[in-house]
Amino acid sequence: MTLDVLFLGLAIFLLEVMALTIGTVRTIVTMLGESRAAFLLGCLEMTLWVFGTSAVMTKVGDTPVLGLFYAVGFATGNVIGILAEKKLALGNVVVRIISAWHGTDIAHAVRRAGFMITTVAGEGSEGAVTVQFVVCKRKDMKLVLGEARKIDPDLFYTFETAGGASDVPSPTASRLDKFLRPIRRFVPQF
């Protein structure tokens, strides 16, 4: 393998990694209904994809190893895209916390942590329970559950993506949020 083929292969690999990573994030923002962000990410993804694919298609007959660079870049981009999506934790979730004996204390602790919580009385298989509903940023879910588990380590919880919600406050706002404010004009869930 010549140095030219190696550099072209690495360029194809990197283009595919970037295209697939962006594609994963684009899919998430599309599901969140963020059309402007989906449009911009889609344009960027396809631009990268066209250049990566065209480089492979024009030369793969003469240099089959470029197809391998493309395939490995594609697979790596999928993995990095999944990791990026988990790290970004875009969107909101509804967390349901169910506790048999500590519902009131959990509600107070979660409120002290800066989250809004609604408590409803319910009945479980072994008697009365309280069910708390918290709508929070997905990135804050661990904090909510951590506060609740300090009170009741045996609680039961479920969560699901909140398709739409009014303004969801986040007590974890930081200087990073000020930096990201312009980006949020395009991706409000970010």
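Student: Is the crossing of helix 1 and helix 2 left-handed or right-handed?
Tutor: Happy to start there, with a predicted model in which local features need pLDDT of at least 70, side-chain atom pairs count only at pLDDT 80 or more, and totals for chains, interfaces and linings use all residues. Residues are numbered from 1 along each chain as its sequence is written, and side-chain values use heavy atoms, leaving out hydrogens and water. For helix 1 and helix 2 (helices are DSSP runs of H or I, at least four residues, numbered from the N terminus), the crossing (left-handed if the near helix is turned anticlockwise from the far one by less than a right angle, right-handed if clockwise) is left-handed.

Student: At roughly what angle do the axes of helix 1 and helix 2 cross?
Tutor: Helix 1 covers residues 3-31 and helix 2 residues 35-59. Their axes (lines fitted to C-alpha atoms over the stretch in contact, with angles from 0 to 180 degrees between N-to-C directions) come within 8 Å and cross at roughly 150°.

Student: Why is helix 1 roughly antiparallel to helix 2?
Tutor: Roughly antiparallel is the word for angles over 145 degrees. Helix 1 is roughly antiparallel to helix 2 because their axes cross at roughly 150°.

Student: How far apart are the axes of helix 1 and helix 3?
Tutor: Helix 3 spans residues 65-88. Helix 1 passes helix 3 in a right-handed crossing. The two pack at an angle of about 35°, and their axes are apart by 7 Å.

Student: Which residues does Glu 85 touch, beyond four places away in sequence?
Tutor: Glu 85 sits in helix 3. Glu 85 is buried (under 20% relative accessible area), at 15%. Its contacts (heavy atoms within 4.5 Å), not counting residues up to four places away in sequence, are Thr 24, Ile 28 and Arg 138.

How values were computed. Angles under 35 degrees count as roughly parallel, over 145 as roughly antiparallel, 65 to 115 as roughly perpendicular and the rest as oblique. Buried means under 20% relative accessible area, exposed over 50%, partly exposed in between (1.4 Å probe, protein chains only).
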